[in-house]
Amino acid sequence: MARRTKRRWTDEEKRSICLQTTAPGVSVARVAPRYATNANLIFKWLRDPRYVSEPPAEPDAARFVP
């Protein structure tokens with residue numbers, strides 16, 4: 001039987017994986033197997049502001065003018 005070791009993810013790897021889940025039509029459940037991890041772990045990272053980038057502002061969004 002293979003011995004399991006705890007995988008340590010770098011912050012950059014976590015950001016990259018979280019960024020992949022934000023693409024249109026991509027689910028966390030499909031990204032998780034690519035990295036041999038559980039979807040619940042990725043959901044945990046998505047709740048952490050260190051690993052999720054801010055969504056880009058909409059170009060047609062209403063804004064206040066000074």
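How many helices and how many strands make up the secondary structure of the chain? In this predicted model, the tally comes to three helices and zero strands. Read from the N terminus, the elements simply go α-α-α. The chain has 66 residues, and 21% of them count as buried. Contacts can also be sorted by how far apart the partners sit along the chain. Taking the contacts with a separation of 6 or more, 40% link residues that are 24 or more positions apart.

Next comes the packing of two of the helices. Two packed helices are described by the angle between their axes and the distance between the axes. Helix α1 covers residues 11–21 and helix α3 covers residues 39–47; their axes come within 10 Å and cross at roughly 95 degrees. Since angles of 65 to 115 degrees count as roughly perpendicular, that is the label α1 and α3 therefore get. On the α1 side, the contact is made by Lys-14, Ile-17, Cys-18 and Thr-21, while α3 brings in Ile-42, Trp-45 and Leu-46. Sorted by class, this contact has five nonpolar residues, one polar residue and one charged residue.

Then there is the question of empty space. Rolling a probe the size of a water molecule over the atoms shows where such space is left. Here, the largest pocket has a volume of about 340 Å³. It is lined by 16 residues, and those closest to its centre are Lys-6, Arg-7, Trp-9, Leu-41 and Trp-45. Trp-45 thus turns up again, having already appeared in the contact between α1 and α3. The element that gives the most to the lining is α3, with three residues. As for chemistry, the lining divides into seven charged, six nonpolar and three polar residues.

Two single residues round off the picture. One is Ala-36, found in the loop between α2 (28–31) and α3. Most residues other than glycine have a negative phi. Ala-36, although not a glycine, has a positive phi of about 55 degrees. Is Ala-36 buried or exposed? Its relative accessibility is 75%, so Ala-36 counts as exposed, the cut-off being over 50%.

The other is Ser-53, which lies in the segment after α3. With a relative accessible area of 52%, Ser-53 is exposed too. Ser-53 and Arg-15 are 38 residues apart along the chain, and their C-alpha atoms are separated by 8.0 Å.

Technical notes. Residues are numbered from 1 along each chain as its sequence is written. This is a predicted model: local features need pLDDT of at least 70, side-chain atom pairs count only at pLDDT 80 or more; totals for chains, interfaces and linings use all residues. Side-chain values use heavy atoms; hydrogens and water are left out. Axes are lines fitted to C-alpha atoms, for helices over the stretch in contact, and angles run from 0 to 180 degrees between N-to-C directions. Helices (H or I, at least four residues) and strands (E, at least two) are DSSP runs, numbered from the N terminus. Angles under 35 degrees count as roughly parallel, over 145 as roughly antiparallel, 65 to 115 as roughly perpendicular and the rest as oblique. Contact means heavy atoms within 4.5 Å. Ala, Val, Leu, Ile, Met, Phe, Trp, Tyr, Cys and Pro count as nonpolar, Asp, Glu, Lys and Arg as charged, and the others, Gly among them, as polar. On a 1 Å grid over the protein atoms alone, a cavity is a set of points where a 1.4 Å probe fits but cannot get out, and a pocket is an open set with protein on both sides within 12 Å along at least five of seven lines; lining residues have an atom within 4 Å of a point. Grid points are joined across faces, edges and corners, and a volume is the space filled by probe spheres set on the points. Buried means under 20% relative accessible area, exposed over 50%, partly exposed in between (1.4 Å probe, protein chains only).
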